[in-house]
Amino acid sequence: MPDSDASQPREVRSKSDSVDVRIYKYLAPGALLALALLQLFLGRFHDLTPWKGGGFGMFSTVDGPSSRSIRVYLETPDGEIATRLPDWIRNREKYAVSFPARFRLQSIADEVARSHWHYIRGDGWAEDGVRVDPGAEAKGPEEKAEEAEEKPGKRPDREGPAPYPRVSSRRPEAEPRDDRVPIVVKAVRLEVWRNLYDRKTDLITQEKIAEVRAEAPPA
Amino acid sequence: MSWIARAQRLGNRLADTLLTRSTLDLVRILSLLVLIQHGPREWYTEVPLTLLVLLGIIVREMRSRPWFWFVVASFVLAHDIVTWPSVDNHKWLMGWWMMAMWIVHLAPRAVQLEAMRENARVMLGLVFVLATFWKLITPQYLDGSFFEYELLADKRFQEAAIWIGGATAKGLDENRDLKKDIQNSYRKDAEPMESAELNSGPYVDALALAMTYWTIAIEGSLGVLSLWPGNGLVAVLRTSAALVFTATTYLLAPVMGFGWMVIILGFGQCPERYKKLRMGFLLVLGVIYVYRMHLVEVGEALGDGPFHEMVRFY
């Protein structure tokens, strides 16, 4: 096959050479820009944190991954239990807080709902999920407000049992533990929250940005 | 000969040794070094990539081949794509730069240097224009809230908050605890915390505003100057802006992966005739690296004695 360059007139060869050189110079920056524009769209309209995703929005906002968190609530016949994600799901947590897409959160919620949950002893709660000392109440809001005035910026020390029993979980595919009291979980709710900061008052507050719910499979 | 003259002569010799090496080859080596220092950390990418990078540093022939950069870029970009929502932006910049190095090495040799310089210039410009854009469209950045929050709650800015902002180490430790407390309070407290007041310092407000507007000015200038083509005065201004940015930013904020990339891109785009400016990048890299990574560690290891205070001051 004849060499296509040699058969072309000189001025056409120059034009195709200049097109080639532009590809060498600008293809990679073009790819960078394309991803950055996608990240801009997802950041503005779909809660992707500006700190991630290849758009170079880091150091522009308080809303980074460390300022976001996931709250987990187990819905049981006796009420809600607030807990945190099981350790074996933590590696997916960082993706979920950076980009709380519904499919990702739902997948995590479904797995948490399918897990085997049980009570563990500690923080004023017994192994069967019953409070150890019903008389030991946590401080009321007035007492906490008084302590906050005396120690600005520092929250009062917690006293009394934690408000929720301590719980632990095993993966859905594992066998449930016979030596622990199981928790009947009807559903799991996940909420993604982010920190806000007001420089006039030096206050951090929180804002919910996503929520999903997953029903537990029937026993 | 005075010691100043001796130091100057040594500096010139070092500059000549480093800078008579081909610019493209120096950029290749710097690009490989950044992968060792700040590349992907998952074992399935780190192990093969480190081996490849070490071979590339030792064997010059290997690092001047397109297939070498294709393999390197594939590892880095594959890692970035798989961990996309959580990977830092400087790792994306590394991935795109490795891709650029692959494409540059596909070009005829006669245009490789020019192609590398253009890639460096345009990438530098895009990164800083995008970064400035995000800041300009974020109200909590423009009013100083972002930097005030970072000074009070991010350990990376602790030194600036204490030495310039007048905050105390104890107050800043409490702030970081408060940040965690407010996130965990929903499961630990009968009445979850709805807000937490951060401890501050007398000059933190002013410092935050100064950092806010300085950052917009330097990043915006660097972005515009980098996207403006030209090898004369514009190149000098652009290169100087990159040097000022790296020297001022990375002494306060130790995000060294990004700092390395700015140095590589800044060095790569600088025309060869500006020897002192090019040498400046290598010097800034050395100074920042030694200061941030080693002197601070030495100071912390020695505890709270007078030497520690002196090291912290400098």
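**Figure 1. Four salt bridges cross the interface of chain B and chain A.** A salt bridge here is a side-chain nitrogen of Lys or Arg within 4 Å of a carboxyl oxygen of Asp or Glu. One to look at is the pair A:Lys52 and B:Asp88, whose side chains meet with N to O at 2.5 Å. The model is predicted, so local features need pLDDT of at least 70 and side-chain atom pairs count only at pLDDT 80 or more, while totals for chains, interfaces and linings use all residues; side-chain values use heavy atoms, with hydrogens and water left out. Residues are numbered from 1 along each chain as its sequence is written, and chains are lettered from A and ligands numbered from 1 in the order in which they are written.

**Figure 2. Here is the contact surface between chain B and chain A.** Counting a contact as heavy atoms within 4.5 Å, 70 residues of chain B touch 68 residues of chain A. The size of an interface is often given as the accessible area lost when the parts come together. Buried area is what two parts lose in accessible area (1.4 Å probe) on being put together, summed over both. For this pair of chains the figure is about 6,300 Å², and carbon and sulfur atoms give 62% of it. On the chain B side, B:Trp84, B:Trp134 and B:Tyr186 lose the most area to chain A, together 14% of what that side buries.

**Figure 3. A salt-bridge network runs through chain A.** Its members are A:Glu75, A:Glu80, A:Arg189, A:Glu191, A:Lys208, A:Glu211, A:Arg213 and A:Glu215. Zoom in on A:Glu211 and A:Arg189, where the closest N and O atoms are 3.6 Å apart. Helices (H or I, at least four residues) and strands (E, at least two) are DSSP runs, numbered from the N terminus. A:Glu211 belongs to strand S6 (residues 203–215) of chain A and A:Arg189 to strand S5 (residues 187–198) of chain A, so this bridge ties together parts 22 residues apart in sequence. For cover, buried means under 20% relative accessible area, exposed over 50%, and partly exposed in between (1.4 Å probe, protein chains only). A:Glu211 is partly exposed at 35% relative accessibility, whereas A:Arg189 is buried at 13%.

**Figure 4. Two salt bridges within chain B sit in different surroundings.** B:Arg65 and B:Glu61 meet at 2.4 Å, N to O. Both ends get some exposure: B:Arg65 is partly exposed at 35% relative accessibility, and B:Glu61 is partly exposed at 42%. Now swing over to B:Glu118 and B:Arg121, with closest N and O atoms 2.8 Å apart. These two share helix H7 (residues 109–136) of chain B and lie three residues apart, about one turn of the helix. Both B:Glu118 and B:Arg121 are buried. Over all chains, the salt-bridge count comes to 29.

**Figure 5. The largest nonpolar core has 108 residues.** A nonpolar core is a set of buried Ala, Val, Leu, Ile, Met, Phe, Trp, Tyr and Cys residues joined through side-chain atoms within 4.5 Å. The residues with the most contacts inside this one are A:Leu32, B:Leu93, B:Trp97, B:Met98, B:Met123, B:Leu151 and B:Phe258. Leaving out residues up to four places away in sequence, B:Leu151 touches B:Phe157, B:Ala160, B:Ala161, B:Leu172, B:Val204, B:Leu207, B:Ala208 and B:Met211. There's also a second, separate core of 27 residues, with A:Leu74, A:Trp88, A:Ala210 and A:Val212 among them.

**Figure 6. Strands S1 (residues 68–76) and S2 (residues 79–83) of chain A run antiparallel.** Strands count as paired if DSSP finds at least two bridges between them, and five bridges join S1 to S2. S1(A) and S2(A) make a hairpin with two residues between them. Across the pair, A:Tyr73 faces A:Ala82 in S2(A).

**Figure 7. Strand S3 (residues 116–120) of chain A is mostly covered.** Four of the five residues in S3 are buried. S3(A) pairs over five bridges, in the antiparallel sense, with strand S4 (residues 166–170) of chain A. In that pairing A:His116 has A:Arg170 as its bridge partner in S4(A). Zooming out, chain A has five helices and six strands, and 46% of its 219 residues count as buried.
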